[in-house]
Amino acid sequence: MKEKRIIAFLIDAFSIVFLTIIVRLILNVDDAQLSLMFFSLLASFLIICKDCCNGNSFGKYLMKIQIIDERKMQPASPFKCVICNYLYFIWIVELIMFLCSKSGNRLGDYFTRTKVVERVEGLREIDKLRLILTVFLVALFFVLIYIYVYLSVSHTKTLFSLIIG
């Protein structure tokens, strides 16, 4: 199972980088600092929300595995997937836990009581409203961060231009 998780993660990582590059080419943002911030936030959003649809990401779907709730033995809720994926940002701890675990569980799996299994057909579908609400709230969080950074950078540039000249 570890091998499938690693391959699924690599597929997801390459997909996220590819999508981010495509969006970057389409939008053609001029400001390098804001561009870096925007695309970092976009990639972070995609990483965090990648498993929200029935415990599947693109990579997990291709590898025929999915995240399930250990107690309910059903696909993990979008909220659990988001919480689990937030822990990717302490990647060194996640990597150590994953490599040391016989079952291949990450810290996020232990924390949210989820596990990755071979995909099981016939499990209930995740409620679409919960999925949309979860993704919307995560997107709102990242939009607010971007607005805050944008206003901070714009304010700094304005002050700098007043001081210089």
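**View 1. Ser57 sits in the loop between helix 2 (32-49) and helix 3 (58-63).** This is a predicted model, like every other view here. Ser57 is buried, with a relative accessible area of 4%. Its side chain makes a polar contact with the side chain of Asp12, at 2.6 Å. A second polar contact links the side chains of Ser57 and Asp51, this one at 3.5 Å. Set aside the neighbours within four places in sequence, and Ser57 is in contact with Asp12, Lys50 and Asp51.

**View 2. Here is Cys49, a residue of helix 2.** Cys49 is buried, at 12% relative accessible area. Skipping residues up to four places away in sequence, Cys49 touches Val135 and Val138. Cys81 is worth picking out too: it lies 32 residues from Cys49 along the chain, with 7.3 Å between the two C-alpha atoms.

**View 3. How many disulfides does the count come to?** Zero, going by the sulfur positions. Start with Cys52, whose closest cysteine sulfur belongs to Cys49: the gap is 4.6 Å, so it is too far for a bond. A disulfide needs the two sulfur atoms within 2.5 Å. Cys53 has Cys52 as the residue with the closest cysteine sulfur, and at 8.6 Å that pair is also too far for a bond. Buried or partly exposed, then, for these two cysteines? Cys52 is buried, with a relative accessible area of 2%, while Cys53 counts as partly exposed at 42%.

**View 4. The largest pocket holds about 480 Å³ of space.** Its lining is made up of 20 residues, and those nearest the centre are Arg5, Phe9, Tyr88, Leu95 and Arg106. Two elements give two or more residues to this lining: helix 1 (2-27) and helix 5 (91-100). Which element gives the most? That would be helix 1, with eight residues. If you're thinking about the chemistry of the wall, the lining has 14 nonpolar and six charged residues, and no polar ones.

**View 5. The second largest pocket has a volume of about 160 Å³.** On the list of lining residues are Asn54, Asn56, Tyr61, Gln66 and Pro75. The rest of that list is a run along the chain: Arg119, Val120, Glu121, Gly122, Leu123, Arg124 and Glu125. What does the lining look like by class? There are four nonpolar, four polar and four charged residues.

**View 6. Zooming back out, the protein has seven helices and two strands.** Reading along the sequence, you get the pattern α-α-α-β-α-α-α-β-α. The protein has 165 residues, and 36% of them count as buried. Cys49, Cys52 and Ser57 from the earlier views are among the buried ones, with relative accessible areas of 12% for Cys49, 2% for Cys52 and 4% for Ser57. As for contacts, take those with a separation of 6 or more: residues 24 or more positions apart account for 70% of them.

Definitions and conventions
Residues numbered from 1 in each chain as written. Predicted model: local features only at pLDDT ≥ 70, side-chain atom pairs only at ≥ 80, totals over all residues. Heavy atoms only, no water. 1 Å grid on protein atoms, 1.4 Å probe; cavity = no way out; pocket = protein on both sides within 12 Å on 5 of 7 lines; lining within 4 Å. Points joined across faces, edges and corners; volume = space filled by probe spheres on them. Helix = DSSP H or I, 4+ residues; strand = E, 2+ residues; numbered from the N terminus. Nonpolar A, V, L, I, M, F, W, Y, C, P; charged D, E, K, R; others polar. Buried < 20%, exposed > 50% of the residue type's maximum accessible area, 1.4 Å probe, protein only. Polar contact = N/O pair within 3.5 Å; in protein donor to acceptor, adjacent residues only side chain to side chain. Contact = heavy atoms within 4.5 Å.
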